[in-house]
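Q: I'm new to reading protein structures and would love a guided close look at one part of this one. Could you start from a single spot and then show me how the rest fits around it?

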Amino acid sequence: MLSIKKIAALCAAALVLSGVVFAQGFSVSASNELGSDVWYVMDGDSEGRNDGFAGIYNEFIVDITSERIDAGLDVYAVFDTQGGIDGDSARLFYSSDDFDWYTLFRPLDVLDVAFSTDYWFRGSYMFVEDDNVGSQKLGSEGLSLVFTGLPNLAIGLTAPFNVGSVDNDFIGNFFDEFVLGVGAEYIVNDMFVIGAAVHNIAGSKDNGHFGFHDTQSVAVSAAIYPLYGLEIRAGYGFQDYQGLLNVYGTHLLNASVLWGITDRIALSGDLITNFGTGEDDDVKKGPGIPDYDLYAAIRGDFRVTDPILAYVTLSDYMTINRDAEKNDPKFCVNPGVEYDAGSIGSFAVEVMLEFVDGSLDQVYFPVKWVYEF
């Protein structure tokens, strides 16, 4: 069920989109991804789901751009065959965690007025995971003002609409303890990009409403392009409690590399760790034992022919002390083949093997169809 916040967001996006359509020329890009893990097989000792059909998901993304206004929407829906408390009833639901939207208005050539626009730093992107790391961005899920009047430089000021939640009810950005962020990103030349941001520059305490730590965070980011076909991205976050893939902590390091060896062969790698500085779940009762989180992955791509891409991903997830059920490291092997069918989209078929504590624990068979228009 959509919350008031989501309904307001959709209404705002609709108003902006209608303004674009009737006020000026615009371009539209969209994609739809329909997929399923098809069938999963789980070890008999595994808790939760039983072997069976994995359900279906559908993600629709649309972006509209023009000279003065940009807007976008990302909606993710799932048909799950084993939902409910006991995991035995089918359900159709919309994923609020994966829902996203943004609008951006340029009243001046040198100024962006943006709502729910991230402005990710270049160094936040992870090539294998195809996602960005937590707080390494200029913007927020709120109002952002970004000045672009100087060559190769963007300077941003942002105020999030919500800075935490109590019992899943979002709390606003109150003016008696206002949360404000500032940051900048600079392109040194065509080979180097640096960025830095401070979120909640006042460093106000959340007083137990939004967690058990200071809500201030600092991000430093860099992207380097030393050779043709080689990209290196890295970032450091202080008190990044957003992170990625359940890796977060007081000190967070991320790094990612993409190397296009030839036109047909490419290698990429990801690394995120909190150095053992994550918070213990029992932090209210005492210092406890620090959590150690790690995600690492490598991927190889081989373009067999122009329409056929073969790839394999090896990934390792380690979350120690945060959750008793996740103490065992998980190693995944994920080979796949993608076929570009041209005007009707691309199709991919994969096998996902998950090993826990050295033993095969789960097997999935993901398939997906991506259509862009």
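In which strand is Gln-239 found?

A: Happy to take you through it! Keep in mind that this is a predicted model. Gln-239 is found in strand E18, which covers residues 230-244. Two things can be said about this residue. The first is its backbone: phi of Gln-239 is near 60°, a positive value in a residue other than glycine. That is worth a pause, because most residues other than glycine have a negative phi. The second is its surroundings: Gln-239 has a relative accessibility of 13%, so it counts as buried, the cut-off being under 20%.

Now put Asp-357 beside it. Its phi is also positive, near 55°, and Asp-357 is not a glycine either. The setting is another matter: Asp-357 lies in a loop, between strand E25 (352-356) and strand E26 (359-364). With 60% relative accessibility, Asp-357 counts as exposed, because exposed means over 50%.

A loop residue can be buried too, and Asn-200 shows this. Asn-200 sits in the loop between strand E16 (192-199) and strand E17 (217-227). Its relative accessible area is 2%, so Asn-200 is buried. Who are its neighbours? Leaving aside residues up to four places away in sequence, Asn-200 touches Phe-178, Val-179, Leu-180, Gly-181, Thr-215 and Gln-216.

Let's step back to the whole chain for a moment. It has one helix and 27 strands, and buried residues make up 38% of its 373 residues. Among contacts with a separation of 6 or more, 48% are between residues 24 or more positions apart.

Next, the aromatic rings. A search of the whole structure finds nine aromatic pairs. In one of them, the rings of Tyr-295 and Tyr-317 have their centres 5.2 Å apart and their planes at 35°, so this pair is tilted. The pair links distant parts of the chain, with Tyr-295 in strand E21 (residues 292-305) and Tyr-317 in strand E22 (residues 308-320), 22 residues apart. The two partners have their own settings: Tyr-295 is buried, at 1% relative accessibility, while Tyr-317 is partly exposed, with a relative accessible area of 24%. Elsewhere, ring pairs join Phe-60, Phe-347, Trp-369, Tyr-371 and Phe-373 into a cluster.

Rings can also have a charge for company. The charged end of Arg-91 sits over the ring of Phe-93, 4.2 Å from its centre. Likewise, the charged end of Arg-299 sits over the ring of Tyr-311, 4.2 Å from the ring's centre.

Finally, look at some empty space. Rolling a probe the size of a water molecule over the atoms shows where such space is left. The second largest pocket holds about 280 Å³ of space. Its lining is made of 14 residues, and those nearest its centre are Tyr-119, Arg-122, Leu-138, Ala-154 and Glu-185. Strand E12 (153-160) and strand E15 (181-189) each supply at least two residues of this lining. Sorted by class, the lining of the second largest pocket has nine nonpolar, two polar and three charged residues.

To return to where we began, Gln-239 is a strand residue that is buried and has a positive phi.

Terms used. Residues numbered from 1 in each chain as written. Predicted model: local features only at pLDDT ≥ 70, side-chain atom pairs only at ≥ 80, totals over all residues. Heavy atoms only, no water. 1 Å grid on protein atoms, 1.4 Å probe; cavity = no way out; pocket = protein on both sides within 12 Å on 5 of 7 lines; lining within 4 Å. Points joined across faces, edges and corners; volume = space filled by probe spheres on them. Helix = DSSP H or I, 4+ residues; strand = E, 2+ residues; numbered from the N terminus. Nonpolar A, V, L, I, M, F, W, Y, C, P; charged D, E, K, R; others polar. Buried < 20%, exposed > 50% of the residue type's maximum accessible area, 1.4 Å probe, protein only. Contact = heavy atoms within 4.5 Å. Phe/Tyr/Trp six-rings, centres within 6.5 Å; stacked < 30°, edge-to-face > 60°. Lys NZ or Arg CZ within 6 Å of the ring centre and 35° of its normal.
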